[in-house]
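Biologist: I have not looked at this one before, so could you walk me through it? Please start wherever you like, and I will ask as we go.

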Amino acid sequence: MNLKFDLDTVQFRAAANRAVTELGANAQEFLKEETRFAIRDFAKVTPPFAAGAFNRSMGSAADKKAGEGAVKRDIARVAQPFTPKFLGWVVERFGSTNIAVSLIRKGTKDKYQVAFSKVAPTINELAAFHQSQRNRYGQVAKRKADSKVATPTPVLMAYAKQMVARVGREKNVFGAAAARVGLSLPSWVKKQIGGAGTYFEGKSPSFFILISGKTQRPQAPQALAGVMKKRGEILAKEVQRLVNSFARTGKILTRRKSFNSE
């Protein structure tokens with residue numbers, strides 16, 4: 001899904017106009033600052049998060065660890081690993097779909113259950129099944145063993161490694177823009193360049209920025225809209241504070257570069 005970045009809400013536009021016309025902010029620098037703040041805030045509300053860390057940081061080591069754990073749990077809910085040799089024997093004897101048999105452990109009298117819905121012998125087939133079982137939140141609900149797919153252990157390990165390596169990609173949806181406006185995302189997020197998007201600056205008739213990125217998260221558009229709305233509210237209050245302080249002191253009391261550049 002293509003995710004477009006647009007700071008042009010009514011409240012934001014009104015506050016930005018006041019910043020430029022009443023306080024003399026540098027429009028180009030001001031827009032870059034606000035873009036930087038919005039990308040930062042979007043990364044903060046985009047998974048993964050450690051417990052209780054929502055909207056705390058752009059991506060801590062604990063967030064990364066939590067994301068990797070979530071991926072492994074998710075895959076374990078859809079796949080049951082077997083050694084290739086044993087799986088081949090089970091399929092040859094009992095078939096490859098809807099298997100639920102009790103077997104005796106070798107050298108004992110202990111029974112154990114082998115149960116699965118079908119076989120996924122390759123990474124592509126395992127990936128397709130995994131994707132098909134995700135809910136609208138991009139997660140897999142807990143399930144019974146016989147609703148999982150059986151897959152060779154090396155295939156499961158390779159797929160899990162592949163998916164764990166993607167952790168942080170959603171936080172870097174606007175990675176290209178972040179780099180251009182001076183926002184440094186955490187290193188484990190920055191390396192996820194698969195969805196880092198595009199950045200374009202326009203000069204005519206007035207300076208503007210166009211940003212887009214690729215996301216696979218259904219909630220991303222809603223999260224981005226919430227970030228933009230919040231940025232508009234914060235900016236409106238900030239500009240009003242600066243206008244009030246300027247009226248009292250004749251000074252613009254902020255360290256933002258856009259208000260202190262010639």
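Modeller: Let us begin with Glu33, which, leaving aside its neighbours within four places in sequence, is in contact with Arg256, Lys257 and Ser258. Please keep in mind throughout that this is a predicted model.

Biologist: Where does Glu33 sit, and is Glu33 buried or exposed?

Modeller: Glu33 belongs to helix α2, which covers residues 27-44, and with a relative accessibility of 2% Glu33 counts as buried.

Biologist: Which strands does α2 lie across?

Modeller: Helix α2 lies across β1, β6 and β7, and its direction makes an angle of about 20° with β7. Those strands form an open sheet of three, in the order β1-β7-β6, with antiparallel pairing. The edge strands are β1 (2-5) and β6 (198-202), each of which pairs on one side only, and the twist from one strand to the next averages 15°.

Biologist: How many bridges join β1 to β7?

Modeller: Four bridges join β1 to β7, the strand of residues 208-214, and the two run antiparallel. Within this part of the sheet, Asn2 stands opposite Lys214 in β7.

Biologist: Changing topic for a moment, what is the average pLDDT of the protein, and which element has the lowest mean?

Modeller: The protein averages a pLDDT of 90, with 98% of the residues scoring at least 70. Among its elements, β1 has the lowest mean, at 82, whereas helix α6 (residues 153-164) has the highest, at 96. As a general caution, predicted coordinates should not be read in detail where pLDDT is low.

Biologist: Back to the sheets, then. What is the strand order in the open sheet of four strands?

Modeller: That open sheet has the order β2-β5-β4-β3, and its pairing is mixed. Strands β2 (79-82) and β3 (97-104) stand at the edges with a single partner strand each, so one side of each is left without a neighbour in the sheet. The twist in this sheet averages 45° from one strand to the next.

Biologist: How does β5 pair with β4 and β2?

Modeller: Strand β4, residues 111-119, pairs with β5 in the parallel sense over two bridges, and β2 is joined to β5 by four bridges, also running parallel. To give a residue for each, Val119 has Ala150 of β5 as its bridge partner, while the bridge partner of Ala79 in β5 is Val149.

Biologist: Are the faces of β5 covered or open, and which residues are on each side?

Modeller: Both faces are covered, with Val149 and Thr151 on one side and Ala150 and Pro152 on the other, all of them buried. This fits a general pattern, in that side chains of a regular strand alternate between the two faces of the sheet.

Biologist: Which helix lies across β5?

Modeller: Helix α5, made of residues 123-132, lies across β2, β4 and β5, and runs at about 150° to β5.

Biologist: Tell me about Ala150, please. What does Ala150 touch?

Modeller: Ala150 is in strand β5, which spans residues 149-152, and Ala150 counts as buried because its relative accessibility is 0%. Not counting residues up to four places away in sequence, Ala150 touches Gln80, Phe82, Leu87, Phe116, Lys118, Val119 and Ala120. Two of those, Phe82 and Phe116, also belong to one aromatic cluster together with Phe86, Trp89 and Phe94.

Biologist: How far apart are Ala150 and Trp89?

Modeller: Ala150 and Trp89 are 61 residues apart in sequence, and their C-alpha atoms are 13 Å apart in space.

Biologist: How many aromatic pairs does the structure hold?

Modeller: The structure holds eight aromatic pairs. One of them joins Phe49 and Phe54 in an edge-to-face arrangement, with 5.3 Å from centre to centre and 80° between the planes. Phe49 itself counts as partly exposed, with a relative accessibility of 23%.

Biologist: And over which ring does the charged end of Arg36 sit?

Modeller: The charged end of Arg36 sits over the ring of Phe37, at 6.0 Å from its centre.

Biologist: One last residue: what is Ala177 in contact with?

Modeller: Leaving aside neighbours within four places in sequence, Ala177 is in contact with Ile39, Tyr199 and Ile211. Ala177 lies in helix α7, residues 175-180, and at 0% relative accessibility Ala177 counts as buried. His130 is 47 residues from Ala177 along the chain, and the C-alpha atoms of the two are separated by 31 Å.

Technical notes. Residues numbered from 1 in each chain as written. Heavy atoms only, no water. Buried < 20%, exposed > 50% of the residue type's maximum accessible area, 1.4 Å probe, protein only. Contact = heavy atoms within 4.5 Å. Pairing = 2+ DSSP bridges. Axes fitted to C-alpha atoms, helices over the stretch in contact; angles between N-to-C directions. pLDDT = per-residue confidence, 0-100. Phe/Tyr/Trp six-rings, centres within 6.5 Å; stacked < 30°, edge-to-face > 60°. Lys NZ or Arg CZ within 6 Å of the ring centre and 35° of its normal.
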